[in-house]
Amino acid sequence: MTRTVRFSELGEPDVLRIEEDPDPQPGPGEVVVDVAAIGLNRAESMFRRGTYIETTHLPARLGYECSGTVALLGEGVTRWSVGERVSVVPAFSMNDYGVYADRAVVPARALVPLPDATSWVDGAAVWMPFLVGYGGLVETGGLKAGDHVLVTAATSSVGLASLAVARRVGAIPIATSRSSSKAAALEEAGAAHVVATGEEDLVERVLEITDGRGCEHVFDAVAGPGVADLARATAKGGVLTIHGLLSGQPTPFPAETLPDLWMRAYTLFAMTHDEQRLRRAGAFVGAGLRDGAFTPQVDRVFDGLDQVVDAHRHLESNTQVGKIVLLPGGAR
Ligand SMILES: NC(=O)c1ccc[n+]([C@@H]2O[C@H](COP(=O)([O-])OP(=O)(O)OC[C@H]3O[C@@H](n4cnc5c(N)ncnc54)[C@H](OP(=O)(O)O)[C@@H]3O)[C@@H](O)[C@H]2O)c1
């Protein structure tokens with residue numbers, strides 16, 4: 001039997017239930033993975049609440065990202081072998097697949113190899129953050145050496161990875177957090193400057209840091225009314241990329257600044273639904289992992305699938321710095 005996390009109503013973390021099912025079988029183009037570690041994402045709490053970019057169809061499963069071992073191959077899957085160590089990346093809809101389970105069916109196109117030297121926890125924590133950071137800033141954003149880049153909600157797993165990606169290409173990352181209590185952690189993670197948005201004026205600080213020019217790139221996880229200030233902190237001809245909706249509020253289109261500013265939205269599906277881009281991202285992230293420039297920052301590991309409610313509560317506490325990982329503990 002396999003334990004799978006499901007929910008049949010939208011709401012707080014305690015809507016999550018563990019159900020026992022017969023072991024899953026892969027269909028054509030799919031594989032079954034014995035799940036070793038699950039990486040939690042903000043997207044999953046939004047999906048659970050019904051506030052994600054995609055409508056939640058109930059009853060629903062959860063989970064975009066995990067590490068584990070290939071257990072079964074569906075018809076037509078030739079690239080992978082049983083027993084291979086893999087990471088699962090978000091290349092599907094959670095209305096179709098979910099990896100919060102002991103064993104999960106996923107499309108074979110969502111697998112990337114997991115090197116022997118990378119732990120299960122790191123293998124579950126690395127891809128979503130680095131695919132967003134690399135894909136949004138470099139592959140589709142054009143970030144280059146010497147650019148200033150403002151990374152909002154930088155203590156998030158995506159924010160920390162974005163700081164590392166910016167450093168890797170020689171850009172100068174400026175991080176925001178709502179309070180100064182996480183400033184030291186952000187500097188340690190590579191931020192050249194930290195702005196505590198609850199305590200100081202964001203636009204003033206950014207203009208001061210950039211000698212009045214503003215940032216060539218702004219990489220925003222929050223959206224909502226604060227985007228007007230972000231536009232003022234963007235350099236002429238700069239790029240303001242919105243990749244998350246943490247504020248939960250409608251986002252204005254700051255037209256008064258726009259003649260000299262590109263404003264766009266980005267999702268990592270631009271990477272994971274394109275084989276060539278995913279391959280380039282794999283090479284970029286893999287090289288950084290091998291030479292130690294990229295290490296997924298793990299905030300806390302919850303041991304046992306039955307810890308899922310507590311893990312989601314911790315995710316929503318916003319006290320974390322980095323990734324939250326859940327070990328199902330069933331299949332291994
Ligand atoms: N576009 C994509 O494809 C994609 C993929 C994955 C994730 N994302 C987005 O990336 C963002 C981070 O995701 P994650 O899973 O890495 O998150 P996470 O680790 O759960 O991020 C938590 C951090 O976000 C900050 N935060 C939370 N609510 C906020 C609010 N209302 N206003 C400002 N800051 C807030 C807090 O930092 P402080 O307390 O330090 O301020 C908190 O520590 C989310 O917006 C998510 O939707 C986008």
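Visitor: Which element gives the most residues to the lining of the second largest pocket?
Guide: This is a predicted model, so local features need pLDDT of at least 70 and side-chain atom pairs pLDDT 80 or more, whereas totals for chains, interfaces and linings use all residues. Residues are numbered from 1 along each chain as its sequence is written, and side-chain values use heavy atoms, leaving out hydrogens and water. The pocket (on a 1 Å grid over the protein atoms alone, an open set of points where a 1.4 Å probe fits, with protein on both sides within 12 Å along at least five of seven lines; lining residues have an atom within 4 Å of a point) is lined by 21 residues, with β8 (111–113) and α9 (275–290) each giving two or more. With seven residues, the element that gives the most is α9.

Visitor: Within what arc do the buried residues of α6 fall?
Guide: Helix α6 (residues 202–209; helices are DSSP runs of H or I, at least four residues, and strands of E, at least two) has Leu202, Val203, Val206 and Ile209 buried (under 20% relative accessible area, 1.4 Å probe, protein chains only). They line one face of the helix, because the directions from its axis to their C-beta atoms span an arc of 135°.

Visitor: Which residues are exposed on the other side of α6?
Guide: The buried residues are covered by elements including β10 (172–177) and α7 (227–232), through contacts of heavy atoms within 4.5 Å. On the other side, the exposed residues (over 50%) are Glu204 and Glu208.
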